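The following questions and answers guide a first-year student through one protein chain. Please keep the structure in view while reading.

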Amino acid sequence: MWSYPSINPVALDLGFLQVHWYGLMYLLAFTLGWFYGTYRAKFIEPWNTEMVGDLLFYVAMGVILGGRIGYILFYDLSHYIAEPTDIFKVWHGGMSFHGGLLGVTIAMLFFAKKTKQSLFQVADFVAPLVPIGLFTGRIGNFINGELWGKTTDSPLGMWVYDPVIQQTVQKYPTQLLEALLEGVVLFILLAWYARKPRTPGSVAGLFLIGYGVFRFTVEFWRVPDAQLGYLLWGWVTMGQILSLPMIIIGLLLMAYKARSEKVKTAK
C-alpha cells in the first residue's frame, strides 16, 4: 500500500501572495493545450496560431466561470448562499466539469460566430485538447487531497488521513484513476480518431461518450460529496446523473453523423 505524501497545496508563498498548485495545474493545462492546438492547426483549415490563442481565451473563460458556477449550483448551493465570499476561493477546489462543459459550449458558440464556423467544427477542434486539462485538473485534486474514493483493502488503495473519523485509512486514489482514464486514455483515443478528417461533430460526439463512460464508471469507487451523498437507490451519484446525458447525446450525435455520411456517400 502507498501512503499519501500530504503535499502542501501552496507551491510558492511570497507572504503577500500565495501561488497554489491547483492554479498552476490550470496554467499548465492551457499552456500544453496551446502547444497541441497550434500543432493541430497546421493540418486543419481554417485554423492558425492566432485563432488557437483566441480560442483558448474563450475556453478559459468558459471553464473558469462555468466550472465554478456549475459546482455551486450542482453540488453545494446552500454553503455558498451562507458563505458568499467562498465563491472566489477557487484554490480550495470546487470546480464542476459538467458546469465547465456548459461554459465552454457557450464560449464555443461565440467563437464559432466570430470565426464564421459551425459549432461542430469548433467543438471537434477543442475536444482532443480537453483531456489535457482533465489530467492536470485531477492531479490538482490529488495535490489538494480531495475527491478520494471509498475505503479499501485492495493493493490499489492509498493510506490517507480521514479528518471525519480522525484515522488513517486506505482509500482508492480516484483522482489518479480519473487522471488516467479521462486524461491519458481519452487523449490517446481522441488524438487517434481525429487524425483523419471526420464529419463535423463526430470527434465531439466521441469525447462526450468517452468522458461520460469513464466518469460514470469511476463514480462507483469515488465517494460522493458529503453534502449530497448518493441521490438514488443508494449508489447513484450526481456525477453519474450529469454524465448520463453526455453519453446519450454523444451516441446520438455520432449515429446521426454516421448516417449523414452514408447518405452523402450514396448520392
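Q: In which loop is the place of P46?
A: This is a predicted model, in which local features need pLDDT of at least 70, side-chain atom pairs count only at pLDDT 80 or more, and totals for chains, interfaces and linings use all residues. Residues are numbered from 1 along each chain as its sequence is written, and side-chain values use heavy atoms, with hydrogens and water left out. Helices (H or I, at least four residues) and strands (E, at least two) are DSSP runs, numbered from the N terminus. In these terms, P46 lies in the loop between α1 and α2 (49-75).

Q: Which residue does a cis peptide bond join to P46?
A: Most peptide bonds are trans. The bond at P46 is cis, with omega of about 5°. The residue joined to P46 by this bond is E45.

Q: Does K116 count as buried or exposed?
A: K116 is found in the loop between α4 (97-115) and α5, and its phi is near 60°, a positive value in a residue other than glycine. Buried means under 20% relative accessible area, exposed over 50%, and partly exposed in between (1.4 Å probe, protein chains only). Because K116 has 76% relative accessibility, it counts as exposed.

Q: What is the relative accessible area of W233?
A: W233 is placed in the loop between α8 (202-218) and α9 (238-266). Although W233 is not a glycine, it has a positive phi of about 55°. W233 is exposed, and its relative accessible area is 69%.

Q: How many helices and strands has the chain?
A: From the N terminus on, the elements run β-β-β-α-α-α-α-α-α-β-β-α-α-α. The chain therefore is described, under the DSSP rule of at least four residues for a helix and at least two for a strand, by a count of 9 helices and 5 strands.

Q: What is the radius of gyration of the chain?
A: The radius of gyration is taken over C-alpha atoms, and the globule rule is 2.2 Å times the number of residues to the power 0.38. For 267 residues this rule gives 18 Å, and the chain's value is close to that, so the chain is as compact as a globular protein of that length. The radius of gyration is 19 Å.

Q: What percentage of the residues of the chain count as buried?
A: The C-alpha atoms fill a box of roughly 65 × 45 × 35 Å, taken along the principal axes. Of the 267 residues, the part that counts as buried is 45%.
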